[in-house]
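User: I am in my first year and would like a close look at one part of this structure, with each step explained slowly. Please take me through the part I name below.

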Amino acid sequence: SAGIPFHQVEIQTAPASNMIRIVDLLGLLKRIAPELEARLAQSAAVEWRGEIVFQLEDGQSAALEMKAGRVAAWEWTTAANRVGLDQATMLKLALGLRSFGECADVEADDAPGFPRDICNVLFPRQAAACGVWG
């Protein structure tokens, strides 16, 4: 509108243009564990016990352990409940931009008993301003 000529060049897609990366998945899960614990406490599944392992495409993995209403993050274990996802999807879950159930690109363990309901409790969609992630 100021009459200044320019040529717009976009090199990255919208998710990549946020310049946010998960450098330490275990560190991220440890930091958000109190919030996840509060969500679990407000649900009907507060007494659920078990582990869910999150595995990023870059090889990082970490486990969330739920026991007696508490949520803790640990290094990867041999837990059966594995969730494979990319950086952008993990960030959308952590920031509340998507719920677990909305993420079609999540590779969740399809074994009987996978705690999909618990994942939905821990990672619901939240009211958030999300810019280019819309």
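The request below concerns one helix and the parts around it. Where does H2 bend, and which elements do the buried residues of H2 pack against?

Analyst: Please keep in mind throughout that this is a predicted model. Helix H2 covers residues 25–41, and a good place to begin is its start, where a side-chain oxygen of aspartate 24 reaches to within 3.4 Å of the backbone nitrogen of leucine 26. The length of the helix can be checked with simple arithmetic: at 1.5 Å a residue, the 17 residues of H2 should span 24 Å, and because the C-alpha atoms at its ends are 23 Å apart, the two values agree. The helix does have a bend, of about 50° at alanine 33, and a proline, proline 34, follows within four residues.

Next comes the question of what H2 packs against. Its buried residues are Leu25, Leu26, Leu28, Leu29, Ile32, Ala33, Leu36, Glu37, Arg39 and Leu40, and they pack against strands E1, E2 and E3 as well as helices H3 and H4.

One of these buried residues, glutamate 37, deserves a separate look. With a relative accessible area of 18%, glutamate 37 falls under the 20% limit and therefore counts as buried. Its side chain reaches the backbone nitrogen of valine 71 at 2.9 Å, and, leaving aside neighbours within four places in sequence, glutamate 37 is in contact with Gly69, Arg70 and Val71.

On the side of helix H4, a useful residue to follow is leucine 122, which lies in that helix and is buried, with a relative accessible area of 0%. If residues up to four places away in sequence are not counted, leucine 122 touches Leu36, Arg39, Leu40, Leu64 and Met66; of these, Leu36, Arg39 and Leu40 are among the buried residues of H2. Leucine 122 and serine 99 are 23 residues apart in sequence, while their C-alpha atoms are 8.8 Å apart in space.

The strands that H2 packs against belong to a sheet, and it helps to see how that sheet is put together. Strands of a sheet pair through backbone hydrogen bonds, either parallel or antiparallel. Here the sheet is open, with five strands in the order E3-E2-E1-E4-E5 and mixed pairing. E3 and E5 stand at the edges, each with a single partner strand, so one side of each is left without a neighbour in the sheet.

Strand E1 pairs with E2 in the antiparallel sense over six bridges, and one of the pairs joins glutamate 51 to glutamate 65 in E2. The two strands form a hairpin with four residues between them, and glycine 59 in the turn has a positive phi of about 100°. E1 is also joined to strand E4 by four bridges, and these two strands run parallel. Glutamine 55 shows both pairings, for it stands opposite serine 61 in E2 and has glycine 84 as its bridge partner in E4.

Finally, a search of the whole structure finds one aromatic pair. The ring centres of phenylalanine 54 and phenylalanine 123 are 5.6 Å apart and the ring planes stand at 75°, so the pair is edge-to-face. The pair links distant parts of the chain, since phenylalanine 54 is in strand E1 and phenylalanine 123 is in the segment after helix H4, 69 residues apart. Both phenylalanine 54 and phenylalanine 123 are buried.

Methods:
Residues are numbered from 1 along each chain as its sequence is written. This is a predicted model: local features need pLDDT of at least 70, side-chain atom pairs count only at pLDDT 80 or more; totals for chains, interfaces and linings use all residues. Side-chain values use heavy atoms; hydrogens and water are left out. Rings of Phe, Tyr and Trp (its six-membered ring) pair if their centres lie within 6.5 Å; planes under 30 degrees apart count as stacked, over 60 as edge-to-face and the rest as tilted. Buried means under 20% relative accessible area, exposed over 50%, partly exposed in between (1.4 Å probe, protein chains only). Contact means heavy atoms within 4.5 Å. A polar contact is a pair of N or O atoms within 3.5 Å; within protein, one must be able to donate a hydrogen and the other to accept it, and residues adjacent in sequence count only if both atoms are side-chain atoms. Two strands pair if DSSP finds at least two bridges between them. The expected span of a helix is 1.5 Å times one less than its number of residues. The bend at a residue is the angle between axes fitted to the seven residues ending there and the seven starting there.
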